[in-house]
Amino acid sequence: MTRQPPSDTDTRMMTRALALARQALSNGEFPVGCVIAVGDTVVAEGHRLGTSTGQGNEIDHAEINAIRQLNRCHPDLDRSTLALYSTMEPCLMCFSAILLSGIDRIVYAYEDVMGGGTGCDRSGLAPLYRDARLTITAGVLREQSLALFRLFFADSGNPYWADSLLCRYTLDQLPG
């Protein structure tokens, strides 16, 4: 796994992912947006669904929804040319789906201290996961993403992950 500094394209694509996260937040959903792109061209996108009721649908994550759209609209696209941009570090489920999809670049804004998957040690995993090439760029537009999570967790009407490690960590962050 290689770590890489952000580019101007990373900032533009993350700006689009943040717009999707704001859309999710305006619908009462956990504010995660995701864009999959080839260079400056968006080929798929999605945002978090299934959290506005507090039940916590743990399948319809932004990354999964974007990968579903990618598979529907561009099934033959060379996945090694893609970058995935998410306003939050992909969880272990999404991280695995990204690896299995053949996307070899992940760019995220805000670290998921409770369930982030990008830092996991893959050395003991099966070859399908262990041998996947991967480049990660973290912290792109982090403050903008953090602001959305602060709004979400500060709203007592949003019970999803209320009083969790992620909630406490987010609310304890000082404005940058």
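**Asn 71**

I began with Asn 71 and asked myself: is it buried, partly exposed or exposed? Its relative accessible area came out at 37%, so Asn 71 is partly exposed, since that label covers values between 20% and 50%. I kept in mind that this is a predicted model.

Next I looked up where Asn 71 sits, and found it in helix 2. Its side chain has a partner: a polar contact of 2.9 Å links it to the side chain of Arg 79. I also checked Asn 71 against Gln 4, and their C-alpha atoms lie 27 Å apart, with their positions 67 residues apart in sequence.

**Helix 2**

Then I turned to the helix itself, which runs over residues 62-73. I tried a little arithmetic check on its length. With 12 residues at 1.5 Å a residue, helix 2 should span 16 Å, and its end C-alpha atoms are indeed 16 Å apart, so the two agree.

Which residues of helix 2 are buried? I noted Ala 62, Glu 63, Ile 64, Asn 65, Ala 66, Ile 67 and Leu 70. I wanted to know what lies over them, and the cover includes strand 2 (33-38), strand 3 (41-47), strand 4 (83-88) and helix 3 (92-101).

**Asn 65**

I picked one of those buried residues, Asn 65, for a second look. Its relative accessibility is 13%, and because buried means under 20%, Asn 65 counts as buried. The side chain of Asn 65 makes a polar contact of 3.0 Å with the side chain of Arg 68. Setting aside residues up to four places away in sequence, I found Asn 65 touching Glu 45, Gly 46, His 47, Leu 49 and Asp 60.

**Gly 33**

From the covering elements I chose strand 2, where Gly 33 is found. Gly 33 has a relative accessible area of 0%, so it is buried. Which residues does Gly 33 contact, beyond its neighbours within four places in sequence? I listed Ala 17, Leu 20, Ala 21, Gly 46, His 47, Ala 62, Tyr 85, Ser 86 and Thr 87. For one of these, Ala 21, I looked up the C-alpha separation from Gly 33: 4.2 Å, though the two are 12 residues apart along the chain.

**The largest pocket**

Last, I went looking for empty space. The largest pocket holds about 230 Å³. I counted 18 residues in its lining, and Phe 30, His 61, Met 88, Cys 91 and Asp 112 lie nearest the centre. How does the lining divide by residue type? I wrote down 11 nonpolar, two polar and five charged residues.

Technical notes: Residues numbered from 1 in each chain as written. Predicted model: local features only at pLDDT ≥ 70, side-chain atom pairs only at ≥ 80, totals over all residues. Heavy atoms only, no water. 1 Å grid on protein atoms, 1.4 Å probe; cavity = no way out; pocket = protein on both sides within 12 Å on 5 of 7 lines; lining within 4 Å. Points joined across faces, edges and corners; volume = space filled by probe spheres on them. Nonpolar A, V, L, I, M, F, W, Y, C, P; charged D, E, K, R; others polar. Helix = DSSP H or I, 4+ residues; strand = E, 2+ residues; numbered from the N terminus. Buried < 20%, exposed > 50% of the residue type's maximum accessible area, 1.4 Å probe, protein only. Polar contact = N/O pair within 3.5 Å; in protein donor to acceptor, adjacent residues only side chain to side chain. Contact = heavy atoms within 4.5 Å. Expected span 1.5 Å × (residues − 1).
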